Amino acid sequence: MSTVPETLSYTQEHEWITEPAEGVVTVGITAYAADALGDIVYVSLPQEGASVEAGEPCGEAESTKSVSDIYAPVTGEVVAVNAALEEDPAVINSDPYGEGWLFRVRTSDDSGDLLDAQAYAKLIEEAS
């Protein structure tokens, strides 16, 4: 089982989120989700300047197995998108908590049903 970084928060849909830095958070999908998807071959992300709403789909990850929605863990405005994923979406599989980040959001609130690392680890343990 993959490790669950203690410094991040998580959603039940398997996205991770950093603590806000000057009102901006970084969003990605967890190692558990990347493993479940298999080899990611394409990712569709919200555009910079787009508004996202906590709990709502805002993109897709396509793998050799399936297509999965990406959900916004917070409400706000997308301020950056990881352009490197257009060329090499497989980096999500190899480094989901680092270079495989998806997008950054300037939050308008800290809403969203976020889990701490222990609660997320329990969630994926029960799903396995």
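The following chat goes through the sheets, one helix, the cores and two loop residues of a predicted model.

Colleague: Let's start with the bigger picture of the strands; what is the order in the open sheet of six strands?

Modeller: In this predicted model, the open sheet of six strands runs β1-β2-β3-β9-β8-β5, and its pairing is antiparallel.

Colleague: And which strands stand at the edges there?

Modeller: Those are β1 and β5 (51-52), each of which has a single partner strand, so one side of each is left without a neighbour in the sheet.

Colleague: How many bridges are there between β8 and β9?

Modeller: Strand β8 (residues 76-81) and strand β9 (residues 103-107) are joined in the antiparallel sense over five bridges, and within this part of the sheet Ala80 is found opposite Arg104 of β9.

Colleague: Now the open sheet of three strands: what is its order?

Modeller: The order is β4-β6-β7, again with antiparallel pairing; β4 (40-44) and β7 (67-71) are the edge strands, each pairing on one side only, and from one strand to the next the twist averages 25 degrees.

Colleague: Which residue in β6 is the bridge partner of Ile40?

Modeller: The partner of Ile40 is Ser63, and the two strands concerned, β4 and β6 (residues 57-63), pair in the antiparallel sense over four bridges.

Colleague: Changing topic, which residues of helix α4 are buried?

Modeller: In α4 (residues 117-127) the buried residues are Ala117, Tyr120 and Ile124. They cover an arc of only 65 degrees around the axis, which means that they sit on the same side of α4, while Lys122, Glu125 and Glu126 are exposed on the other side of the helix.

Colleague: What do the buried residues of α4 pack against?

Modeller: They pack against β1 (9-10) and α1 (31-37).

Colleague: And which residue caps the N-terminal end of α4?

Modeller: That is Asp116, which places a side-chain oxygen 3.3 Å from the backbone nitrogen of Gln118.

Colleague: On to the interior, which residues touch the most other members in the largest nonpolar core?

Modeller: That core has 23 residues, and those touching the most other members are Ile70, Ile92, Leu102, Phe103 and Val105. The elements contributing two or more residues to the core are β3 (24-29), α1, β4, β6, α3 (91-94) and β9. There is also a second, separate core of eleven residues, with Val4, Trp16, Leu115 and Ala117 among them. As a general matter, nonpolar side chains in soluble globular proteins tend to be buried together.

Colleague: Which residues is Ile70 in contact with, leaving aside its neighbours within four places in sequence?

Modeller: Its contacts include Val43, Ser44 and Leu45, a run from Pro57 through Cys58, Gly59 and Glu60 to Ala61, and also Leu102 and Phe103.

Colleague: Last thing, the loops; what is the phi of His14?

Modeller: His14 has a positive phi of about 75 degrees although it is not a glycine, and this residue lies in the loop between β1 and β2 (15-17). For context, most residues other than glycine have a negative phi. Glu22, in the loop between β2 and β3, also has a positive phi, near 55 degrees.

Colleague: Is His14 buried or exposed?

Modeller: His14 counts as buried because its relative accessibility is 18% and the cut-off for buried is under 20%. Glu22, in contrast, counts as exposed, because its relative accessibility is 79% and exposed means over 50%.

Technical notes
Residues numbered from 1 in each chain as written. Predicted model: local features only at pLDDT ≥ 70, side-chain atom pairs only at ≥ 80, totals over all residues. Heavy atoms only, no water. Pairing = 2+ DSSP bridges. Axes fitted to C-alpha atoms, helices over the stretch in contact; angles between N-to-C directions. Buried < 20%, exposed > 50% of the residue type's maximum accessible area, 1.4 Å probe, protein only. Arc of directions from axis to C-beta. Contact = heavy atoms within 4.5 Å. Polar contact = N/O pair within 3.5 Å; in protein donor to acceptor, adjacent residues only side chain to side chain. Core = buried A, V, L, I, M, F, W, Y, C linked by side-chain atoms within 4.5 Å.
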